[in-house]
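Subject: Structure handover

Hello,

Here is the structure that I am passing on to you. Please look through it first; my notes on what was found follow below.

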Amino acid sequence: MTIRSVIAGVGAYLPEKVLTNQELATRVDTSDEWIVERSGIRKRHIAADDQKTSDLAIEAARRALAAAGRDGQDVDLFVVATATPDHTFPATAARVQAALGRPGVPAFDLQAVCSGFVYGLAVVDNFIRAGQAKCAVLVGAETFSRILDWNDRTTCVLFGDGAGAVVLTAEDGKGTTADRGVLSTHLHSDGRHHDMLYVDGGPSSSQTTGHVVMKGKEVFKHAVVNLADAVREALAANNVTIDQVDWLVPHQANKRILDSTAQKLGMDPGKVIVTVQEHANTSAASIPLALHAGVADGRIKPGNLVLLEAMGGGFTWGSALVRM
Ligand code: UT7
């Protein structure tokens, strides 16, 4: 018998305010045509002035718990993947736990930028399989609008705010790929590339929050290679072929990265969940937001084999194979 971490519910929250490419073009020297052609992005959601990352995270987690038919009091672990916490400390997860959970259960943040959700899934899955948690909430939540230089057209058009969450519960499995739940996770990082995508501030460097800086072309090149490798690693570890995967749910940074990765893998583009046009890059929130979109509109069904993959600052990257 094997313990599996089963996704019992998925939730999402997007701030009300929508910022279109056309509106952005009135602020910086860009155009709807350029943004759509180079990234596939058409709009993004932006948190209200009084909304913090924890507010987005709490709402997404609340919705995931409702979808799972669970109460926050059932939860014995809260993890929030974010690069845009409310404060340097305490963890944003502590706010989520205080709003929804039982006092005393562990709550912590995890920082792997755009790979944060896949990293979080690996951490939570290991807690559950080690018997240290039975019902966990994992949230990816970001307010990237707060760390963008709104005068830098090379970055400010690419990101958005949002949160997505899953409830993971411990279930008995047989140890085969027919089991529901997380079947494998593979994580990587290569810190030699830390200056390709970073924030030029922080408590121990500038004592400021800083802004996103990216060498877009370089990141793009690494992303296509690393993501395809991470997917192949997941397939090989589980002895499954790409044709057996029902849905690819990638981190949503750029439609061209999604297309190139699918092409490299020989994957039917119709089996890729794409939300980047609606949400832009929401970093750690992008995979659970895309997962939620696929579940909510009925494309992703119970029993489907779903492959998640992400790549972000660090560099960090990874994949997870999950049977819903
Ligand atoms: O989530 C973490 C992972 N992040 C990513 O995966 C992002 C990866 N990178 C990308 O998605 C793409 O590289 C970008 C969308 C950032 C840029 O696309 P690109 O095709 O690599 O364009 P580029 O950076 O080579 O820029 C092409 C031109 C430049 O002008 P010149 O030098 O050719 O005259 C830029 O100055 O486009 C210009 N440009 C813009 N023009 C209009 C850059 N940003 C803009 C803009 N509007 N917003």
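Helices (H or I, at least four residues) and strands (E, at least two) are taken as DSSP runs and numbered from the N terminus. The model is predicted, so local features need pLDDT of at least 70 and side-chain atom pairs count only at pLDDT 80 or more, while totals for chains, interfaces and linings use all residues. Residue numbers start from 1 along each chain as its sequence is written, and side-chain values use heavy atoms, with hydrogens and water left out.

Backbone

F315 is found in the loop between β12 (305-312) and β13 (316-323), and the peptide bond joining G314 to F315 is cis, with omega about -10 degrees. Another cis peptide bond runs from F89 to P90, with omega near 0 degrees. P90 belongs to the loop between β4 (77-81) and α4 (92-100). A280, in the loop between α9 (276-279) and α10 (286-296), has a positive phi near 60 degrees. Most residues other than glycine have a negative phi, and most peptide bonds are trans.

Ligand

The ligand is surrounded by 22 residues, of which T30, R38, R153, N254 and N281 come nearest; a residue is near a molecule if one of its heavy atoms lies within 4 Å of it. By class, the shell has eleven nonpolar, six polar and five charged residues. Here Ala, Val, Leu, Ile, Met, Phe, Trp, Tyr, Cys and Pro count as nonpolar, Asp, Glu, Lys and Arg as charged, and the others, Gly among them, as polar.

At least two shell residues come from each of α2 (32-39), α6 (153-156), α7 (216-238) and α8 (255-265). The largest share, four residues, is from α7. Because domain 1 (2-173) and domain 2 (181-323) both give residues to the shell, the ligand lies between them; the domain bounds come from an automatic or database assignment.

Which atoms of R153 and N254 approach the ligand? For R153, a backbone N or O atom lies 2.9 Å from a ligand nitrogen atom. For N254, a polar side-chain atom is 2.6 Å from a ligand oxygen atom. A polar side-chain atom of R256 also lies 3.1 Å from an oxygen atom of the ligand.

Regards

Notes
A polar contact is a pair of N or O atoms within 3.5 Å; within protein, one must be able to donate a hydrogen and the other to accept it, and residues adjacent in sequence count only if both atoms are side-chain atoms.
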